[in-house]
Amino acid sequence: MHSSKAFSLTNGLWDNVLNSSRMLGNNGVNRRQYTKQAKDSVCIFSLSRSLVNNSVNKRGYAKKPSDDCRKACVDIPPEVDPVCNQPNERKTKKKQGILHKIKLKIVEGGTNFGTPFRSLQRKDKVCKEVVVSEPKALPDPVPQPTPLPPPRPAVQVSVLGADTSLGQYVALLLKQCPCIKKLRLYEATSNSECSRDLCQVVQDLQHIDTNCVVQAFSCASCELERCLQNSDIVLLLESGSVSMDMPIVNRFNVQAPIVKAYADAIAKECPNAFIIVCTTPIECMVPLIAETLKETGWYNPRKLLGSLAVPEMRASTLAARALCLEPYYVHVPCVCGTEGPTLVPLFSKALQYFDFSEHNAEMMTQTVRCAASAVARADGNCCKAAELSEAHAIAGLVTRVAWALLCKDVPRISGFVETDPAQVVSPARFIANAVEITGSGITKSLGLPKMSDAEVKQVDDALNKLYFTQQMVNDWYCKYCSSTKKLDACQTHFFNPKASQRFEDCAYAAL
């Protein structure tokens, strides 16, 4: 039964009830008959009302994540009683269309097959608009402190004999070296001929904008030990005015006592320091320092080097001018000795695939050997006139050694060192040849290179002269140095076989 028919029946029923009640009120005839009809009408009314309620569809509502607002999404059919089906329910034989199988999209403000959605809202709760707060401005960046770089590794250099003009020039060049953190200058003599005091020089050098700290020490205050404390490199320069025209024996007798005092202080304060000897005659001072350090037990042949930077610089410059080339591309190694007839510059190694004639090579060799005295004579009464060029060469040598000790470079340097019997068979124990320097000192002695016939003859003569020069040093050391006062007669004879010839000079002569 459809809902329209049920409404029509109920309207007719109520009309009959009203009419019958009026008739009963007017005349009370046939009350029983009308009462029965009224009961039947009430049953029909209740049945029709139930049919109307069952035929009306119900609506379901889907909840959103928030309980504030709800919208109808789809008509949900009523639940079917599994025991008793709904009355007058007719099973549809028509198959559902494709539209019923498609899930309906819920779009705000849309319709479901022409039926608008109904928006329901609870009275006690109102939809609150979400207020989006304005984005806050970022705080000002906090400036981070700039991290300081780690301290750079550097060495400490002590310059002994810095009271001369040569020492001041060397100090000026070493102040600009980035691998030197501290530079200590020692004044060897109180009556220096230099016009400026060493303290004034140090105050002047402090104004140079480099990281090197310069300090001054004086022999008048007995500050030699303080100057040498914790030193990594010790540079020995000439003290006082010594003319290059003097014989080698006289120059050695003047400089030997000072160098001997330096060696004793080095063995006491900084025995592991790298020693660079620039005191002339270098070929005599290196064996003297070696003998002094041997007595104390701190002799290390890897840490003792005689400088050949000055003669090599002169020889390379002379060869570059003769070849019309830049001196940077020309290098002339020097072997055997350090000055005079013992110095042999190898001009055959100046440039690859090129040899000077024998006459030209001999002339250039004599020029290099006599360069120091020639400059001194050209300048008049000045005993040391080539101080600027010598300072440049010595400062370059110290810088290369400093970088090598810091393991930043492995330079190949020509130096006056103790010979390796496996490479050079020589009567002289110390000769000049090429060496390699690393963080531990001299690691490799390269020996003598291949030479021309004329250079071989010069090397033979130079080695014989070196032997007699070093023999003179040994004789002086055994005669004047006080090492024998700690030994008895037998030990003195064992220490030096020739001690018996000069036993009257020994401290035990009275015994």
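**Close-up views of a predicted chain**

Buried residues account for 38% of the 511 residues in the chain. The model is predicted. The legends below start with the whole chain and then turn to single regions.

**View 1. The whole chain holds 14 helices and 16 strands.** The accessible surface amounts to about 31800 Å², and carbon and sulfur atoms make up 55% of that surface. Among contacts between residues at least 6 apart in sequence, 69% join residues at least 24 apart. The views that follow show cores, one helix, salt bridges and aromatic pairs.

**View 2. The largest nonpolar core has 64 residues.** The members of this core that touch the most other members are Leu160, Leu288 and Ile289. Neighbours within four places in sequence are left aside in listing the contacts of Leu160, which include Leu224, Leu228, Val234, Leu235, Leu236 and Leu237. Tyr186, Cys227 and Tyr262 are also in contact with Leu160. Another core lies apart from the largest one and has 44 residues, among them Val202, Val214, Val310 and Leu397. As a general background, nonpolar side chains tend to be buried together in soluble globular proteins.

**View 3. Helix α5 spans residues 198–205 and has buried residues along one face.** The buried residues of α5 are Leu198, Val201, Val202 and Leu205. Seen down the axis of α5, these residues fall within an arc of 100°, so they line one face of the helix. An α-helix has 3.6 residues a turn, so residues three or four places apart point the same way. The partners against which the buried residues of α5 pack are α4 (165–175), β7 (180–187) and β8 (213–218). Val202 also appears among the members of the core of 44 residues.

**View 4. Glu339 and Arg251 form one of six salt bridges in the structure.** The closest N and O atoms of this pair are 2.9 Å apart. Glu339 lies in the loop between β12 (334–336) and β13 (343–345), while Arg251 lies in helix α7 (residues 248–269), so the pair ties together parts that are 88 residues apart in sequence. Glu339 counts as buried because its relative accessible area is 15%, under the cut-off of 20%. Arg251 is buried too, with a relative accessibility of 5%. In general, side chains of opposite charge can pair when their charged atoms come close.

**View 5. Arg314 and Glu390 meet in a salt bridge between two helices.** The distance from N to O is 3.4 Å. Arg314 belongs to helix α9 (residues 309–323) and Glu390 to helix α12 (residues 387–405), and the two residues are 76 residues apart. Glu390 has a relative accessibility of 9% and therefore counts as buried.

**View 6. Glu436 and Arg412 meet in a salt bridge between two strands.** Here the N to O distance is 3.2 Å. Glu436 sits in strand β15 (residues 430–438) and Arg412 in strand β14 (residues 412–418), 24 residues apart. The two ends of the bridge fall into separate accessibility classes: Glu436 is buried at 18% relative accessible area, whereas Arg412 is exposed at 52%.

**View 7. Glu291 is a buried residue of helix α8.** This helix covers residues 282–296. The relative accessible area of Glu291 is 13%, so the residue counts as buried. With neighbours within four places in sequence left aside, Glu291 is in contact with Arg429, Asn474 and Tyr477.

**View 8. Phe347, Phe354 and Phe356 form one aromatic cluster.** The structure has seven aromatic pairs. One of them joins Phe354 and Phe356 edge-to-face, with 5.3 Å from centre to centre and 85° between the planes. Phe354 is partly exposed, at 34% relative accessibility, and Phe356 is buried, at 15%.

**View 9. Tyr467 and Phe468 form an edge-to-face aromatic pair.** Their ring centres are 5.6 Å apart, and the angle between the planes is 70°. Tyr467 has a relative accessible area of 37% and is partly exposed. Phe468 counts as exposed because its relative accessibility is 59%, over the cut-off of 50%.

How values were computed: Residues are numbered from 1 along each chain as its sequence is written. This is a predicted model: local features need pLDDT of at least 70, side-chain atom pairs count only at pLDDT 80 or more; totals for chains, interfaces and linings use all residues. Side-chain values use heavy atoms; hydrogens and water are left out. Helices (H or I, at least four residues) and strands (E, at least two) are DSSP runs, numbered from the N terminus. Buried means under 20% relative accessible area, exposed over 50%, partly exposed in between (1.4 Å probe, protein chains only). Contact means heavy atoms within 4.5 Å. Accessible areas come from the Shrake-Rupley method with a 1.4 Å probe; for residues, only the protein chains shown count as cover. Rings of Phe, Tyr and Trp (its six-membered ring) pair if their centres lie within 6.5 Å; planes under 30 degrees apart count as stacked, over 60 as edge-to-face and the rest as tilted. A salt bridge is a side-chain nitrogen of Lys or Arg within 4 Å of a carboxyl oxygen of Asp or Glu. A nonpolar core is a set of buried Ala, Val, Leu, Ile, Met, Phe, Trp, Tyr and Cys residues joined through side-chain atoms within 4.5 Å. The arc is that of the directions from the helix axis to the C-beta atoms.
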